Amino acid sequence: MNETSLKKSLSKLKFGGLRYFDSIGSTNDEALAWAAEGAADFSLVVADEQTQGRGRLNRKWFTPKGSALAFSLILHSSEAMRPYLSRTVGLAALSIAESCSKTGLDPRIKWPNDILIDGKKIAGILVETVWSGDELDSLVIGVGINVHRASIPPRELLQFPATSLEHELGRELKREDILFGVLDSLVRWRERMGRDEFIKAWEDQLAFRGQQVQTFAGTDIPVMGELLGLELDGSLRLLDKHRNSVVVRFGDVSLRPSA
Ligand code: ADP
């Protein structure tokens, strides 16, 4: 992947701006700074390598050179999107899942921010925000997708198993094509963010649905229950052992299947 091949593959999409880096600390950091300087809606930062890629709570996200997709998309919070901003992570998750499905795979969304194939992590999402005073100005959707086999981090560095698209498919892929697929899908889902079908599609792709899960939100004491689905704001709905409905809100929540 290089700037020329990238621009060619993405030529059907209308960007506010596009910045490509052979190597960068973090595409989200670049996008946050660009957004703060007034980047136009649908501006994109792409890098071949991230040396300081971040997950939530500054956990590390690995993007070795030449093997993965790392990009950050800047979206302005339009009037139409504003009531549904809590669905933004779902927008990214649905778009990644849809483009993976098109390659023939069967992805699942590990709420709130990971994509799994066959129970292994293939992609992660990190949504961050830029404010002007107390008004939300822009959203930055950071995405890492393991495309080539060399993008899979060593097992000992991970708390959750990982895989790559090529490993799961058994054939080669072009990163630019996957990126086009994700963004093309995102453009369409963005228009439908306020619709019930958006929540339905997001819910239909959830991993562990109908299964017992545990969620950890900052403490060692898990909230446990059967994963039922989503609330309208994208929060997770569980059914606890007393048959009470429990809502798990966004935040730093880690979800795991119950042993
Ligand atoms: P989680 O959702 O598992 O709580 P995050 O969403 O914050 O965690 O993502 C960061 C975590 O993802 C890291 O701590 C690491 O275990 C894992 N990770 C980092 N890079 C990759 C990668 N390229 N593929 C799969 N998993 C990764």
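Exposed, as used here, means a relative accessible area over 50%, while buried means under 20% and partly exposed covers what lies in between. By that yardstick Arg 243, at 64% relative accessibility, counts as exposed. Keep in mind that this is a predicted model.

**Backbone oddities**

Let's stay with Arg 243 for a moment. It sits in the loop between strand S10 (236-239) and strand S11 (245-248), and its phi is near 65 degrees, a positive value in a residue other than glycine. Phe 208 also has a positive phi, near 65 degrees, and isn't a glycine either. Its place is in the loop between H6 and strand S8 (212-217). At a relative accessible area of 14%, Phe 208 is buried because the cut-off is 20%.

There's a cis peptide bond too, running from Trp 111 to Pro 112, with omega near 0 degrees. Pro 112 belongs to the loop between strand S4 (107-110) and strand S5 (114-117). Why bother pointing these spots out? Because most residues other than glycine have a negative phi, and most peptide bonds are trans.

**Salt bridges**

The structure holds 22 salt bridges. Here are some of them, with the N to O distance and the relative accessible area of each partner.

| Salt bridge | N to O distance | Partner and accessibility | Partner and accessibility |
|---|---|---|---|
| Glu 79 and Arg 82 | 3.2 Å | Glu 79, 64% | Arg 82, 38% |
| Asp 114 and Lys 110 | 3.5 Å | Asp 114, 4% | Lys 110, 4% |
| Arg 209 and Asp 204 | 3.6 Å | Arg 209, 36% | Asp 204, 41% |

For the pair of Arg 209 and Asp 204, both residues are partly exposed. Salt bridges with shared partners tie Lys 200, Glu 203, Asp 204, Arg 209, Glu 231 and Arg 237 into one network. With Asp 114 and Lys 110, both ends of the bridge are buried. Glu 79, on the other hand, is exposed, and its partner Arg 82 is partly exposed.

**Where two helices meet**

Now for helix H3 (residues 88-102) and helix H6 (residues 196-204): their axes come within 10 Å and cross at roughly 60 degrees. That angle makes H3 and H6 oblique to each other. The crossing of H3 past H6 is left-handed. On the H3 side, the contact is made by Val 89, Gly 90, Leu 91 and Leu 94, and on the H6 side by Phe 198, Ala 201 and Trp 202. Sorted by class, that contact has 6 nonpolar residues, 1 polar one and no charged ones.

**Two buried residues**

Which residues does Leu 179 touch, leaving aside those up to four places away in sequence? They are Leu 6, Leu 10, Leu 44, Val 46, Leu 69 and Phe 71. Leu 179 is part of helix H5 (residues 175-191), and its relative accessible area is 0%, so it is buried. Phe 71 is 108 residues from Leu 179 along the chain, yet their C-alpha atoms are separated by 8.7 Å.

Ser 67 is buried as well, with a relative accessible area of 1%. You'll find Ser 67 in the loop between strand S2 (43-47) and strand S3 (68-76). Again not counting residues up to four places away in sequence, Ser 67 touches Val 147, His 148, Ala 150, Ser 151 and Arg 175.

Note on methods. Residues numbered from 1 in each chain as written. Predicted model: local features only at pLDDT ≥ 70, side-chain atom pairs only at ≥ 80, totals over all residues. Heavy atoms only, no water. Salt bridge = Lys/Arg side-chain N within 4 Å of Asp/Glu carboxyl O. Buried < 20%, exposed > 50% of the residue type's maximum accessible area, 1.4 Å probe, protein only. Axes fitted to C-alpha atoms, helices over the stretch in contact; angles between N-to-C directions. Helix = DSSP H or I, 4+ residues; strand = E, 2+ residues; numbered from the N terminus. Parallel < 35°, antiparallel > 145°, perpendicular 65-115°, else oblique. Left-handed = near helix turned anticlockwise from the far one by under 90°. Contact = heavy atoms within 4.5 Å. Nonpolar A, V, L, I, M, F, W, Y, C, P; charged D, E, K, R; others polar.
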